[in-house]
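Trainee: Could we go through this model together? I'd like to understand how it is put together.

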Amino acid sequence: MTQTHPRNPGHPLDPSWFEQIAVNTPAAEARVADLTARRGLTREWQAAWLVNAIRCIDLTTLAGDDTEARVARLCAKARRPLADHILEGLGLEALTTGAVCVYPTMVGAAVRALAGSGIPVASVATGFPAGLMPLPLRLAEIRYAVEEGAAEIDIVITRAHVLRADWSALYDEIAAMREASGAAHMKAILATGELGSLANVYRAAMVAMQAGADFIKTSTGKEAVNATLPVSLTMVRALRDYGARTGARIGFKPAGGLRTAKDALAWQILMREEMGRDWLTPALFRIGASSLLGDIERQLEQHVTGRFASSSRHALA
Ligand SMILES: O=C[C@H](O)COP(=O)(O)O
């Protein structure tokens, strides 16, 4: 997300944009099956799309045993996501990931490790992953992460507000989080696996955008069900509808359970087909993932050398 990308100005809460929405689940499933089936990408194009996926990755570590040393290793990988011979084989000079995403207490270490690279640090906040903390503490956590140097804040919403259809409570908390984020771009994690229905996913997405979210993000990676293509289609349709009403360009971040190069291609195809190529940039599309880069690197090595290397030869991501 370049810092020059226009922010979402938001919109006063207007439930008439989403309250009556009906989402046809079998139709959403059929649409995504169709998208991924008629992919037909040539080998060359696949390599280019995998490189683009790297540019869009929020390279993530969100584990209870994270240390500054682990974060520093992750940042080194973000600066140099592919081994030199792969980069050279692809004819590329420079390549970095979209961001590095960590817990708030790891932001300082990430900022130091990424100094001079231009790679932004994203911090989860607001009581990630469940969000069940008093609002003033959640807002204080955002301010702490921003003070530590986070340029992007990934907030979680209160799922109960969605399940009770309390749209004004949801709007007010997200608007307060946006204000606390200040100049940092804000991604709203909907935790879609806990929202009960695709219609609720659409409603939560629309409220988050009306409240000023710059990105909408599927999942924390900690729910029982994380990013899926039907959920992503529903969210992308919501951001398309929001854009049609307001002219604002909102970003999309699938996250949670994306592990394979095939996943990286499928989600990019979804974006291209639904939003157009303009959306396939880090300013408008991120993939949140802790263990996707390894498979992409393996596939690109195979593309360049004609053979798969043992995974023991690749740096740990
Ligand atoms: O925000 C990113 C997610 O936590 C990543 O989830 P993952 O560990 O399943 O890749």
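Trainee: Which residues have the most contacts inside the largest nonpolar core?

Mentor: Happy to help! This is a predicted model, where local features need pLDDT of at least 70, side-chain atom pairs count only at pLDDT 80 or more, and totals for chains, interfaces and linings use all residues. Residues are numbered from 1 along each chain as its sequence is written. A nonpolar core is a set of buried Ala, Val, Leu, Ile, Met, Phe, Trp, Tyr and Cys residues joined through C-beta atoms within 7 Å. The largest one has 97 residues, and those with the most contacts inside it are Val 100, Ala 110, Leu 190, Ala 205, Ala 208 and Ile 216.

Trainee: Which helix gives the most to this core?

Mentor: Helices here are DSSP runs (H or I, at least four residues), numbered from the N terminus. With 9 residues, the one that gives the most spans 198–210: helix α9.

Trainee: Why is Trp 17 buried or exposed?

Mentor: A residue is buried if 20 or more other C-beta atoms lie within 10 Å of its own, exposed if 12 or fewer, and partly exposed in between, with C-beta atoms placed from the backbone. Trp 17 has 20 other C-beta atoms within 10 Å, so Trp 17 is buried.

Trainee: Which residues is Trp 17 in contact with, leaving aside its neighbours within four places in sequence?

Mentor: Contact means that two C-beta atoms, placed from the backbone, lie within 7 Å. Trp 17 is found in the segment before α1 (25–37). Its C-alpha atom is 9.3 Å from that of Arg 245, 228 residues apart along the chain. The contacts are Met 206 and Arg 245.

Terms used
Helices (H or I, at least four residues) and strands (E, at least two) are DSSP runs, numbered from the N terminus.
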